[in-house]
Amino acid sequence: MKVKSFRAPRSLVATVAQGRTILRGCWFLFSTRKLLAFGILAGAFVLGALIFPHDQTLLAEVHFWRDGQEEMARRIAWFLGTWGDYPTYNVPLALALWLYGLVTKSSAWRRVAVICFLGATLAGLFDDCFRLTLGRPRPDAHMPDRFYGITYAFSGGFQSFPSGHAAAVFGAAAALIVTDLPLGLLAAVFALGVVWARMELDRHYPSDVAVGSIIGIYFGLLSGFGAKLRRTRLSPPLDSGASSY
């Protein structure tokens, strides 16, 4: 009896190919504009260093709600913080965009999904390089505010700087702004809500979310423009359906 070999659906094969092409575009942009990339990322950490001494004061100003308003604010913050995480927001968002492209037979929307996913993922991975090594305690850990190093970084409550939530949500938002402006602006508003929520819940300091947001914006734009670059150079338009994609 002859056994048929497994063949992945064309849409999945095309998605993987799109991902590889976009990553090559990202690498080309990064490698040809290294000074710009290092300048932006270094500037983010310099900004974080400038905010660092004022974190306690700024965080106190975030909590300006009182009495019943404070309870309502924390409920809203809990909702945004919970559903604004990478596995509960970024992955479902990219999957929803991809499925929409599959149902409508639009390779353009499937491409947008890949760009959105890569923007959030690249930002999150870069953010984790520091979040999982510096070991800054979260505000609700009630520890002296300093960097304890990699020894503590994998313990609970020592992954405050930079904010992973901020990096991921702004990575997706910036990528979508390049590919589909209206959807990107909605994602940016949600991202602002998420970074506020993380401070309202005492999970991050202002410097954490500032640096995380810049990291996200950089990698989101890198993914968006990297995709446009590779599409212009290598691929003729396949169909319409999502802005210029």
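A salt bridge here is a side-chain nitrogen of Lys or Arg within 4 Å of a carboxyl oxygen of Asp or Glu. With that in hand, take Glu 71 and Arg 75: their closest N and O atoms sit 3.5 Å apart, so the pair makes the cut. This is a predicted model, and it holds 7 salt bridges. Here's a quick tour of some of them, plus a nonpolar patch on the surface.

**The pair that links distant parts of the chain**

- Arg 136 pairs up with Asp 55 in a salt bridge, with 2.8 Å between the closest N and O atoms.
- Arg 136 comes from the loop between helix H6 (107–134) and helix H7 (150–153), while Asp 55 belongs to helix H3 (residues 55–62), so the contact ties together parts that are 81 residues apart in sequence.
- Both partners, Arg 136 and Asp 55, are buried.

**Pairs within one helix**

- Back to Glu 71 and Arg 75: both are in helix H4 (residues 68–83), 4 residues apart, which is about one turn of the helix.
- Glu 71 has a relative accessible area of 44%, so it's partly exposed.
- Arg 75 comes in at 52% relative accessibility, and because the exposed class starts over 50%, it counts as exposed.
- Over in helix H6, Asp 128 and Arg 131 are 3 residues apart, again about one helical turn.
- The side chains of Asp 128 and Arg 131 meet in a salt bridge, at 2.8 Å from N to O.
- Asp 128 is partly exposed at 24% relative accessibility.
- Arg 131, at 16% relative accessibility, falls under the 20% cut-off and therefore counts as buried.

**A shared network**

- Salt bridges with partners in common join Asp 55, Arg 136, Asp 145 and Asp 208 into one network.
- That puts the buried Arg 136 and Asp 55 in the network alongside Asp 145 and Asp 208.

**A nonpolar patch on the surface**

- Trp 78, Phe 79 and Trp 83 form a nonpolar surface patch, with about 380 Å² of accessible area together.
- Trp 78 is found in helix H4, the helix that also holds Glu 71 and Arg 75.
- Trp 78 has 53% relative accessibility, so it counts as exposed.

Definitions and conventions: Residues numbered from 1 in each chain as written. Predicted model: local features only at pLDDT ≥ 70, side-chain atom pairs only at ≥ 80, totals over all residues. Heavy atoms only, no water. Helix = DSSP H or I, 4+ residues; strand = E, 2+ residues; numbered from the N terminus. Buried < 20%, exposed > 50% of the residue type's maximum accessible area, 1.4 Å probe, protein only. Patch = residues over 30% accessible without salt bridge, like charges linked within 9 Å, V, L, I, M, F, W, Y side chains within 5 Å. Areas by Shrake-Rupley, 256 points an atom, 1.4 Å probe, with all protein chains shown as cover.
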